[in-house]
Amino acid sequence: MDIASIETFANQFVCFVRVRADDGSEGWGQVAPYNADITAQVLHRQVAPYALGKSALDIDGLVDTIPEREHKFPGSYLRRAIGGLDTALWDLRGKREGKPVCALIGGTPGRLRAYASSMKRDITPADEAERLGRLRDRFGFDAFKFRIGAECGHDIDEWPGRTEEIVPTMRRAMDDGVALLVDANSGFSPNHAIEIGHMLQDNGISHYEEPCPYWEYEQTKQVADALDIDVTGGEQDCSPVDWRRMIADRVVDIIQPDICYLGGLTMTLRVAGLAAKAGIPCTPHSANLSMVTIFTMHLLRAIPNAGKYLEFSIEGEDYYPWQDGLFVEDPYVIDGGHVTVTDKPGWGVEVSPEWLARSCYQVSRQDG
């Protein structure tokens with residue numbers, strides 16, 4: 001069963017991928033969001049030529065071969081494009097075997113605890129606490145992540161004093177049974193990150209994400225070694241060499257790979273496996289409601305070192321207008337602070353035909 005065609009349906013923000021085999025089997029996947037139309041070009045130019053005509057079931061072989069054939073392009077765009085192929089092939093295999101992807105990788109369908117993940121910094125601490133409280137009362141979330149510092153902020157806050165205000169404000173708004181997480185998005189130098197970290201510990205925050213520029217591993221490790229709080233990171237990293245180093249040196253206490261950034265489910269399983277051997281939990285990055293959160297749900301139902309919860313974005317059309325109308329049925333139903341991985345074959349979702357009709361279409365075929 002060989003790959004006969006690879007199709008992309010893209011706009012600037014989202015690109016869905018359909019792979020068809022020569023026996024008529026097909027599967028759907030997705031490249032990473034943002035500049036997804038550029039990633040679609042990379043997929044057709046630098047991924048499809050090595051995949052067409054190859055076995056649709058040899059996902060590991062393709063994930064290994066393509067980066068070698070394109071070794072002059074080791075960066076993010078190639079990995080994002082490979083992720084579109086990889087996730088479509090996993091869907092194809094699941095549909096062919098009549099199993100959800102989680103079952104193909106050793107897991108089972110079922111419920112997952114989710115944490116409500118805020119993406120906003122342009123919101124006052126009082127307003128953030130109020131809106132997260134409403135989500136707690138309506139959907140039963142018992143874990144929340146909010147933003148501190150400024151993105152790549154060089155120790156400059158989003159506005160003066162915001163970080164020092166929002167942390168105790170959130171703690172007062174939530175009882176002790178609610179887990180609180182923060183994301184600094186590479187905002188601090190090590191010394192300032194450690195200072196902030198002590199304040200986080202004093203306020204019962206349990207997760208401190210990307211405190212320093214994520215590419216400066218030594219800085220992040222300095223913070224992790226100085227604090228008792230879990231220091232986390234890894235969402236941006238897409239190089240296997242970097243991941244081996246990060247895990248071997250225990251740069252972070254919890255790894256956060258992004259399935260779409262890293263190059264698909266296969267690569268993420270490998271990274272999670274290395275972390276499991278080192279005793280490091282895996283709480284992946286899944287910061288929007290495209291297919292990446294579905295991919296992550298299946299992963300977390302299967303790996304032995306799954307973290308405490310799934311990242312679940314709370315931002316709607318006002319923040320992510322491109323999320324609107326992606327699927328025939330909403331796959332993201334929150335019940336008692338949990339989501340559910342169903343027993344539907346493959347990823348268990350159907351992309352909206354109306355959305356596809358509005359997208360930019362390209363196809364690469366085995367027959368040219």
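I take buried to mean under 20% relative accessible area, exposed over 50%, and partly exposed in between, with a 1.4 Å probe and protein chains only. By that rule I enter F312 as buried, because its relative accessible area is 6%.

**Basis of the entries**

I am working from a predicted model, in which local features need pLDDT of at least 70 and side-chain atom pairs count only at pLDDT 80 or more, while totals for chains, interfaces and linings use all residues. Residues are numbered from 1 along each chain as its sequence is written, and side-chain values use heavy atoms, with hydrogens and water left out. I take helices (H or I, at least four residues) and strands (E, at least two) as DSSP runs numbered from the N terminus.

**Aromatic residues**

I looked up ring pairs of Phe, Tyr and Trp (its six-membered ring), which need centres within 6.5 Å; planes under 30 degrees apart count as stacked, over 60 as edge-to-face and the rest as tilted. The count is 16 aromatic pairs. For F141 and F312, I noted ring centres 6.3 Å apart and planes at 40°, so this pair is tilted. F141 sits in the loop between helix 5 (125-139) and strand 5 (143-147), and F312 in strand 10 (residues 310-313), so the pair ties together parts that are 171 residues apart in sequence. I enter F141 also as buried, because its relative accessibility is 3%. One aromatic cluster is formed by F16, F139, F141, F144, F312, F327, Y332 and W355.

**Helix 6 and helix 7**

Two packed helices are described by the angle between their axes and the distance between the axes. I use axes fitted as lines to C-alpha atoms, for helices over the stretch in contact, with angles from 0 to 180 degrees between N-to-C directions. Helix 6 (residues 162-173) packs on helix 7 (residues 190-202) at about 20°, and the axes are 10 Å apart. Angles under 35 degrees count as roughly parallel, over 145 as roughly antiparallel, 65 to 115 as roughly perpendicular and the rest as oblique. Helix 6 and helix 7 are therefore roughly parallel. From helix 6, T163, E164 and V167 make the contact; from helix 7, I196, M199 and L200 do so. Contact here means heavy atoms within 4.5 Å.

I then looked up two threonines of helix 6. T163 lies in this helix and is buried, with a relative accessible area of 1%. Not counting residues up to four places away in sequence, T163 touches I148, G149, D157, I196 and M199. T169 is likewise found in helix 6 and is buried, at 14% relative accessible area. With neighbours within four places in sequence left aside, T169 is in contact with P125, A126 and A129.

**After helix 6**

I located D175 in the loop between helix 6 and strand 6 (179-183). D175 is exposed, with a relative accessible area of 51%. The C-alpha atoms of D175 and D142 are separated by 9.4 Å, and these residues are 33 residues apart along the chain.

**Helix 2 and helix 11**

Which angle do helix 2 and helix 11 make where they cross? The axes of helix 2 (residues 59-69) and helix 11 (residues 265-277) cross at roughly 90° and come within 9 Å. I therefore enter helix 2 and helix 11 as roughly perpendicular to each other. In helix 2, I59, D60, V63 and D64 meet T266, M267 and R270 in helix 11.
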